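Dear colleague,

I am passing the structure below on to you, and my notes on what was found in it follow underneath.

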Amino acid sequence: MEVAPNVMRPGITDNLWLSMRNDLARYVPRLLDTNLLMCCTCGRFLEREHFDLEHLIPQQAVKLDPLHVRQNPSTPTNVRSGNLLLCKKPLRYKGSLLHKNGCNSWKGKHFDRPIREMATGAAFRGRPSEPMIIAALILAYLAMVSKFGYQITLLPSGLMMREQFFNPHKIQKDIPLRSQMLLGGQLTTDVSSPGWATPFSFSFDGGDCLVSIRNFILRMPISRDPRMPVAQNIPIVPKRFKLRPDFTTVFT
Ligand SMILES: [Zn+2]
């Protein structure tokens, strides 16, 4: 049982590299002439060697899932955690080293512990702290990128979350109050719960996306409904079909 995740790892990483690049190429057609991908948190365009597989719900958390769930071939670790590629290249801000590794390690350092506490239910015995709410926002953002692709990253709401990613201790002033609330409870022990195979689910209400993550839910601000098709190569389109991609990054 210990070997399987490592054996599967190159396959998952390769598939993500292909699917994430194909998705990003919808907004940057010339991308496919390069060997680059945009990191959805720092915004840098980097080569393949600078990316690593990221488990959205950390492996330390999913390792604690009930034995029957862990042994169920339809709910292996990678399915229960969700995956994306994040960069591993050192982060430089205004010429100075901010972090000696990339976004993958930054997430691990700042967010994986509170995510683990939430995703195992331990966090909800008391009132969620500010760092916990921030970690939940970041996880919800990454889950939305995993589900809806780079349009989530390239929207103004995506830029707001990318800025929040690098401010792990203080909620950004642009994050609405309704998104600073977290409803959570104990993790189910029901091994037949569909939540093991689909750890993230999404519904839309007004201008928000309600993101359900295992045992907790929060309301994410979103600049446009990602289920609406994106108009491309059409001169006049209704506003809801428009997406003006924002490629802002402050990192080198
Ligand atoms: Zn990055």
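Strands (E, at least two residues) and helices (H or I, at least four) are DSSP runs, numbered from the N terminus, and two strands pair if DSSP finds at least two bridges between them. This is a predicted model, in which local features need pLDDT of at least 70 and side-chain atom pairs count only at pLDDT 80 or more, whereas totals for chains, interfaces and linings use all residues. Residues are numbered from 1 along each chain as its sequence is written, and side-chain values use heavy atoms, with hydrogens and water left out.

In those terms, 4 strands form an open sheet with antiparallel pairing, in the order S7-S10-S9-S8. Its edge strands, each pairing on one side only, are S7 (183-184) and S8 (200-205). S8 runs antiparallel to S9 (residues 208-213), to which 6 bridges join it, and Phe204 has Cys209 in S9 as its bridge partner.

The zinc ion has as its protein donors (N, O and S atoms within 2.8 Å of the metal, or 3.2 Å for Na, K and Ca; water is not among the atoms, so sites may look incomplete) the SG atoms of Cys39, Cys42, Cys87 and Cys103, at 2.3 to 2.4 Å. The angles among the 4 donor atoms are 105 to 113°, and the site is tetrahedral (four donors with all angles between 85 and 135 degrees). Along the chain the donors follow the spacing C-x2-C-x44-C-x15-C. Because Cys39 lies in the loop between S1 (36-38) and S2 (45-47) while Cys103 belongs to helix H5 (residues 103-110), the pair ties together parts that are 64 residues apart in sequence.

Best regards

Technical notes
Tetrahedral: all angles 85-135°; square planar, octahedral: opposite > 155°, others 65-115°.
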